[in-house]
Amino acid sequence: MAAPAVEAVTKQMAAATVDPAAAAVAERKPYYEKRIKLFEQYAERQKAAIEAAKAANVQITITLPDGHSKHGVKGVTTPLDVAKEISASLAKKVVVADVDGRAWDLTRPLEGDCAIKLFNFDDPEGKDAYWHSSAHVLGQALELEFGVDLTIGPSLEEGFYYDCYMGDRSLSEGDKARIEKRVEAAAKESQRFERLVVSRDEALAMFGENKFKIEIISALPADATISIYRVGPMVDLCTGPHLPNTSYLKAVGVTNMSRAFWRADVKREPLQRVYAITFPDNKQLKEYQHRMEEAKKRDHRNLGVQQDLFFFHPLSPGSCFFLPHGARIYNALVSYIREKYWEYEYEEVVSPNLFNFDLWVTSGHADHYKDNMFHFEIEKQLFGLKPMNCPGHCLMFKARTRSYRDLPLRYADFGVLHRNEYSGALSGLTRVRRFQQDDAHIFCRPDQVMAEVQGFLKFLGEVYGVFGLDYSMALSTRPESYLGELEQWNKAEAALTDALNSTGRPWTINEADGAFYGPKIDITVYDALKRKFQCATVQLDFQLPIRFDLEYVTEETKPERPVIVHRAVLGSVERMFAILTEHYAGKWPFWLNPRQVMVVPISEPAYEYAREVRATVRALGMHVDADCSDRKMQKKVREAQLAQYNYILVVGEEERKARTVNVRTRDNVVHGMFKLEELNEILVEELKTRSLASKFHGRSRAGEGQQADGAADDA
């Protein structure tokens, strides 16, 4: 390094003695500048290639989605040029292209005759490129503000993050504004995203001072072709594609910061993870922030504590303690699925929790899942707690000779499962170590697959309908790495297609996204905030019957392999508990509510009648309390509403004499006087039908059914 440069760095470091971030930036600055110098050096050959392409002027045909075509020059014309030729307004909206099925930068020259598609921010492909590009700008901000070593920075379903190494330092809440300001500054500069292809050796030279990038590059083949991108003063490894420049980023928000580990391994280097989101306009950012605020209010971890439903304890991390009111909800979910099992003729089984590891060797989990299991030695033999039920159910199937007449066999199991999740990945009820699933496995003949999947999809639709959850379905077809016979796969995919068509619901195809052992139907559920979750599943399995040598005797007395249908509706009960808590915002429907009815006596003379009403309602199997404290009636009603009791039954001397109750809801709608017998009939109807709406609506007494004076619209 030249003497003036050394002197400048020395001065920067001296000035930064009280600011560790500034000192780190000064220390890393020569590395950052070296990347740019090498990038510009390597870029010369790309510039020469473009000039050569202009001189050659090889004409190419570019086919649009509507079948029309445009003409261009090989190695010169870009998708953005095509968009501009179509219309100026289109060119302003598009953010990324698809060229012959490959994601493509708008400014990357086309390499020959091709078919292209153009996407804007509203398209999934557009959002992915937009947020992936934004992650690079976030990485730039982290380097320039804190002198970090960047690791990886992917786009997410909503937003993006970047993991960075800071040694012993960490980021704080106050750093959010600092990062946002730096990203906004980069956006105003309209920094271009420039793509470059380099060799493995060139990449190693460029990123030599970042051990994380070196580890990534070193894992690539010696003859690998590597793409890198520059944006402003930052250069990063990346497959792309990216936006033309940073001016597309009109609004930014840093949403969260957390701890992570390199390679998601707690034994490796600790990292700082910064989450953020960007949008093409400030309105969308405001809408997103409002939605996130609403999500915070609905956070099941907070509501679970507020409503006294559950808690976690460091002495058993990742394992939930369900308190009495939480257990009521948990058991109601399980009971409902048990009712559906009876209706759809499933047989519930109980299987062991602990197995010799030989079972997992047979199933294949020992090779691919051992790190996610809890295992230990017993009498010099390795045992493991089960992380799933299917291998145990295979042992049950194999316990005796099976005939084609026995099939289908539908084994349902609520057994306790354990998975050794990393402590940093644990998150409330959505990611735990101990859980239960509404897990079932159907052993059937190949000709029974369609009917069984059809029955499951009907089962699923009825359950999600009761919950008030919307969902979508997608068929995931044969991957390149599939095992088994092609004909078997084709028949199975045809059966799943027929089953999906029978639902009358729209569905999509995820080409080549099935598991290696069989095709599947992916089910995505949406809550009240339109967030997506993966809970239910239905998966065909041709390989597990082979691994366990499962057979049944056909009508011709020949041995035949069954097909296993893995299926679940809730997924894990814990995860569905969390989703429903947030979906309902803690305002549970009557059938699920652990606090269904509160009886409120007006004064002490009505206490005895209040207790009688409570006993009568409780005898019907409902969760009912009576508030016989000496507080004012209005106070007791309001507290019951805040506790989210569905119904508050006010009783006084008049009600005692008439054997009636005065019914109002948690939203303070007064339904009026009902005879005790009529009350019980309505409550039983609402409980049995699992209605999401009150059965008192439309039955309010004359002049009632309105909100009480002075009450809030929503308790």
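Is glutamate 339 buried, partly exposed or exposed? In this predicted model, glutamate 339 counts as partly exposed, at 43% relative accessibility.

## A salt bridge between helix α11 and a loop

Glutamate 339 forms a salt bridge with arginine 690, and the closest N and O atoms of the two are 2.8 Å apart. The pair links distant parts of the chain, with glutamate 339 in helix α11 and arginine 690 in the loop between α22 (676-689) and β35 (706-707), 351 residues apart. Arginine 690 has a relative accessible area of 13%, and because values under 20% count as buried, arginine 690 is classed as buried, whereas glutamate 339 is partly exposed.

## Other salt bridges

The count of salt bridges in the model comes to 50. One of them joins the side chains of arginine 263 and glutamate 215, at 3.2 Å from N to O. Arginine 263 lies in the loop between β11 and β12 (270-279) and glutamate 215 in helix α8 (residues 211-218), so this salt bridge ties together parts that are 48 residues apart in sequence. Arginine 263 is partly exposed, with a relative accessible area of 48%, and glutamate 215 is likewise partly exposed, at 27% relative accessibility. Both residues belong to a network of salt bridges that links Lys211, Glu215, Arg263, Arg268 and Glu269.

A further salt bridge is made by the side chains of glutamate 685 and arginine 699, at 3.0 Å from N to O. Since glutamate 685 lies in helix α22 and arginine 699 in the loop between α22 and β35, the pair ties together parts that are 14 residues apart in sequence. Glutamate 685 counts as partly exposed at 29% relative accessibility, and arginine 699 counts as partly exposed at 32%.

## Cis peptide bonds before proline

The peptide bond from glycine 240 to proline 241 is cis, with omega near 0°, and proline 241 lies in the loop between β10 (234-237) and β11 (251-261). A cis peptide bond also joins leucine 407 and proline 408, where omega is about 5°; proline 408 is found in the loop between α14 (390-397) and β19 (409-413).

## Positive phi outside glycine

Aspartate 100 is not a glycine, yet it has a positive phi of about 55°; this residue lies in the loop between β3 (94-99) and β4 (102-104). Glutamate 345, also not a glycine, has a positive phi of about 60° and sits in the loop between α11 (324-343) and β15 (347-348). At 58% relative accessibility, glutamate 345 counts as exposed.

Definitions and conventions
Residues are numbered from 1 along each chain as its sequence is written. This is a predicted model: local features need pLDDT of at least 70, side-chain atom pairs count only at pLDDT 80 or more; totals for chains, interfaces and linings use all residues. Side-chain values use heavy atoms; hydrogens and water are left out. Helices (H or I, at least four residues) and strands (E, at least two) are DSSP runs, numbered from the N terminus. Buried means under 20% relative accessible area, exposed over 50%, partly exposed in between (1.4 Å probe, protein chains only). A salt bridge is a side-chain nitrogen of Lys or Arg within 4 Å of a carboxyl oxygen of Asp or Glu.
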